[in-house]
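Okay, thanks for making time, everyone. I have one structure to walk you through today, so let me put it up and we can get going.

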Amino acid sequence: MNIYDIRKSKLVAKSEQQDDELLSIAVVKNNKKVVVGTQDGTLLIFTWGQWLDCTDRLPGHPSSINSLLPISSDCIVTGADDGIMRLIGIIPNKLIGVVGLHVKGSGIDFLKEDVDEDEDRNGDDDEEGFPVEKVKSIPGTNWIASSSHDEVVRFWDVGWVHETDELPNQVDEGEKISDDEGESEEEKQTVRKKKSRKKAKRGLELPKQNLFADLD
């Protein structure tokens, strides 16, 4: 990874040769951390100013990570080759939930070319996700857009991310009460996982509303 000062057109720093191809990058934690997606599905986390080698690694993606999108200072959405967009917390590093699966009929579709809707939605579909090539945010909204090999742009409402109590560095009031009652750590982890799964489903069950109604 090379770091350039574009104002001076000068190479500032260079990391060591990494074990795999670097495909995507995002800056998080108030510009203190840089997250890099790799071909083998590992997230490399660099500390700003310490470019020689990564300071942490987060494995878990089964395939290459083609796109990274920060949606808060602590969270990113990853777009991977398996068609799944995941919400990842950075420091502490953890999988928070699934934003969506890039398959026919998921999210809200905006077709690149005119196609027969019945053929598009009712054709053979093995539910295998198309590789996600790019994930971008829509300014001023809680929506993000993703593109894939099927030539369809899909839109996803991630407003639930800002409502969830599962984000890093946030403490739920229920957890404080549980601590006072002596609830075990294992029980608390179980409750948190159930909440996370419930929140994640919101990204998959989206209304088929028209995002472009205001343009008429």
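Let me start with a question while you're looking at it: which residues does V135 touch, not counting those up to four places away in sequence? Before I answer, keep in mind that this is a predicted model. So, V135: the list runs S67, L69, V77, G79, M85, I144, A145 and S146.

Some of those names come back when you look at the nonpolar cores. The largest one has 15 residues, and V135 is among those with the most contacts inside it, together with I71, V77, M85, L87, V99 and I144. As for where that core comes from, at least two of its residues are supplied by each of four strands: β8 at 75–80, β9 at 84–89, β10 at 94–101 and β12 at 132–137. There's also a second core, separate from that one, with 11 residues, including A26, V28, L58 and I65.

Now let's pick up G79, one of the residues that V135 touches. G79 sits in strand β8, and it counts as buried because its relative accessible area is 0%. What does G79 touch, again leaving out residues up to four places away in sequence? You get S64, I65, N66, S67, I84, M85, V132 and V135. Take V132 from that list: along the sequence it is 53 residues from G79, but C-alpha to C-alpha the two are 5.1 Å apart.

Let me zoom out for a second. The chain has 216 residues, and 43% of them count as buried. In secondary structure terms, we have 3 helices and 14 strands. If you take contacts with a separation of 6 or more, 47% of them are between residues 24 or more positions apart. The accessible surface is about 12800 Å², with carbon and sulfur atoms accounting for 47% of that.

Okay, charges. How many salt bridges does a search of the whole structure find? The answer is 4, and I'll go through three examples.

One is R7 with D5, at 3.6 Å from N to O. Are those two partners buried or exposed? R7 is exposed, because its relative accessibility is 77%, while D5 is buried, because it comes in at 16%.

Another is R86 with D82, where the N to O distance is 2.7 Å. R86 is buried, at 11% relative accessible area, and D82 is partly exposed, at 21%. If you're wondering why D82 misses the buried label, it's because buried means under 20%.

Then there's R154 with D150, at 2.6 Å. R154 has a relative accessible area of 1%, so it is buried, and D150 is buried too, at 19%.

R86 also turns up in the surroundings of H61, so let's go there. H61 is in the loop between β6, which is 56–58, and β7, which is 65–70. It's a loop residue, but H61 is buried, because its relative accessibility is 8%. Beyond its sequence neighbours up to four places away, H61 touches D40, G41, L43, T78, A80, R86 and I88.

Cysteines, quickly. The structure holds 0 disulfides. C75 is buried, at 0% relative accessible area, and C54 is buried as well, at 15%.

On the outside, there's a nonpolar patch formed by Y4, I6 and L11, with about 360 Å² of accessible area together. Y4 belongs to strand β1, residues 2–5, and Y4 counts as exposed because it reaches 52% relative accessibility, where the cut-off is over 50%.

Last topic, the backbone. As a reminder, most residues other than glycine have a negative phi, and most peptide bonds are trans. Where do we depart from that here? The peptide bond from I91 to P92 is cis, with omega near 5°, and P92 is in the loop between β9 and β10. Then N30 has a positive phi of about 55°, and N31 has one of about 65°. N30 is in the loop between β3, 22–28, and β4, 33–38, and N31 lies in the loop between β3 and β4 as well. N30 is exposed, at 62%, and N31 is exposed at 55%.

That's my tour. Happy to go back to any of it.

Terms used: Residues are numbered from 1 along each chain as its sequence is written. This is a predicted model: local features need pLDDT of at least 70, side-chain atom pairs count only at pLDDT 80 or more; totals for chains, interfaces and linings use all residues. Side-chain values use heavy atoms; hydrogens and water are left out. A nonpolar core is a set of buried Ala, Val, Leu, Ile, Met, Phe, Trp, Tyr and Cys residues joined through side-chain atoms within 4.5 Å. Buried means under 20% relative accessible area, exposed over 50%, partly exposed in between (1.4 Å probe, protein chains only). Contact means heavy atoms within 4.5 Å. Patches are made of residues with over 30% relative accessible area and no salt bridge: like charges are joined within 9 Å, nonpolar side chains (Val, Leu, Ile, Met, Phe, Trp, Tyr) within 5 Å. Accessible areas come from the Shrake-Rupley method with a 1.4 Å probe; for residues, only the protein chains shown count as cover. A salt bridge is a side-chain nitrogen of Lys or Arg within 4 Å of a carboxyl oxygen of Asp or Glu. A disulfide is a pair of cysteine sulfur atoms within 2.5 Å.
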